[in-house]
Amino acid sequence: MTSIAGLPDFLVYLGTAALLTGLYLVVYTFATAHNELALIRRDVTAASVSLGGSLVGFALPLAVAIYNARSVLDCLVWGLVALVVQVGIYWLVRLALPDLSRRIEEDRMAAAVLLGAASLAGGVVNAASMTY
């Protein structure tokens with residue numbers, strides 16, 4: 001039975017990651033000037049690309065936080081740092097493209113790909129910075 005001895009810890013960290021990811025989606029979608037889920041329901045590809053890139057950009061540092069965590073609290077703190085970084089990336093891209101949300105709502109892919117790529121790049125750098 002030693003092969004599943006780590007199952008309780010696995011479930012705790014998986015649950016923590018699910019909670020943080022859900023929190024991230026709520027906070028991120030409130031922070032943006034457009035409603036990603038409503039746009040995705042209307043089959044607006046640009047909204048899916050930008051939100052998908054952002055979600056992966058959040059999950060990368062979250063995975064590193066879980067790997068390096070000394071406790072669940074440690075994981076929570078670094079997961080929240082990853083959340084703040086991703087919201088910050090959205091606002092930085094929005095400074096460069098003030099009409100970012102309008103472009104995404106109009107399903108214009110250039111803006112969505114830029115936001116998704118910036119989110120991924122930020123997530124990779126954020127994750128690398130967490131390898132303390």
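Helices here are DSSP runs of H or I with at least four residues, numbered from the N terminus. With that in hand, Val84 can be placed in helix 4. The model shown in these views is predicted.

**View 1. The whole chain is built from six helices and zero strands.** Read from the N terminus, the elements go α-α-α-α-α-α. The C-alpha atoms fit in a box of roughly 55 × 30 × 20 Å along the principal axes. Out of 132 residues, 38% count as buried. Take the contacts with a separation of 6 or more: 77% of them join residues 24 or more positions apart.

**View 2. Helix 4 is seen along its 25 residues.** From first C-alpha to last, helix 4 reaches 36 Å, close to the 36 Å expected at 1.5 Å a residue. Its buried residues include Asp74, Cys75, Gly79, Leu83, Gln86 and Tyr90. Helix 1, helix 3, helix 5 and helix 6 are among what covers the buried residues of helix 4. As a reading aid, an α-helix has 3.6 residues a turn, so residues three or four places apart point the same way.

**View 3. Val84 of helix 4 is the focus here.** Is Val84 buried or exposed? Val84 has a relative accessible area of 58%, and the cut-off for exposed is over 50%, so it counts as exposed. Look across to Tyr24 as well: its C-alpha atom is 9.0 Å from that of Val84, although the two residues are 60 apart along the chain.

**View 4. The largest nonpolar core holds 28 residues.** Tyr28, Phe58, Leu100, Ile104 and Leu115 touch the most other members. Helix 1, helix 3, helix 4, helix 5 and helix 6 each put in at least two residues. Helix 3 gives the largest share of this core, with seven residues. Now zoom in on Leu115: setting aside neighbours within four places in sequence, Leu115 is in contact with Tyr28, Ser50, Tyr90, Val93, Leu100 and Ile104.

**View 5. Helix 3 and helix 6 pack with their axes 8 Å apart.** The angle between them is about 0°, under the 35 degrees that marks the class, so helix 3 and helix 6 are roughly parallel to each other. Among the residues making the contact are Val49, Ser50, Gly53 and Gly57 from helix 3, and Ala112, Leu115, Gly116 and Leu120 from helix 6. Sorted by class, this contact has 13 nonpolar, nine polar and no charged residues.

**View 6. Ser101 sits in helix 5, which covers residues 100-105.** Ser101 counts as buried because its relative accessibility is 7%, under the 20% cut-off. Apart from neighbours within four places in sequence, Ser101 is in contact with Ala33, His34 and Tyr90.

**View 7. Two loop residues, Asp43 and Asp107, appear here.** Most residues other than glycine have a negative phi. Asp43, which is not a glycine, has a positive phi of about 70°. Asp107 is not a glycine either, and has a positive phi of about 60°. Where are they? Asp43 is in the loop between helix 2 and helix 3, while Asp107 is in the loop between helix 5 and helix 6. Asp43 has 62% relative accessibility, so it counts as exposed. Asp107, at 32%, counts as partly exposed.

Definitions and conventions
Residues numbered from 1 in each chain as written. Predicted model: local features only at pLDDT ≥ 70, side-chain atom pairs only at ≥ 80, totals over all residues. Heavy atoms only, no water. Buried < 20%, exposed > 50% of the residue type's maximum accessible area, 1.4 Å probe, protein only. Contact = heavy atoms within 4.5 Å. Core = buried A, V, L, I, M, F, W, Y, C linked by side-chain atoms within 4.5 Å. Axes fitted to C-alpha atoms, helices over the stretch in contact; angles between N-to-C directions. Parallel < 35°, antiparallel > 145°, perpendicular 65-115°, else oblique. Nonpolar A, V, L, I, M, F, W, Y, C, P; charged D, E, K, R; others polar. Expected span 1.5 Å × (residues − 1).
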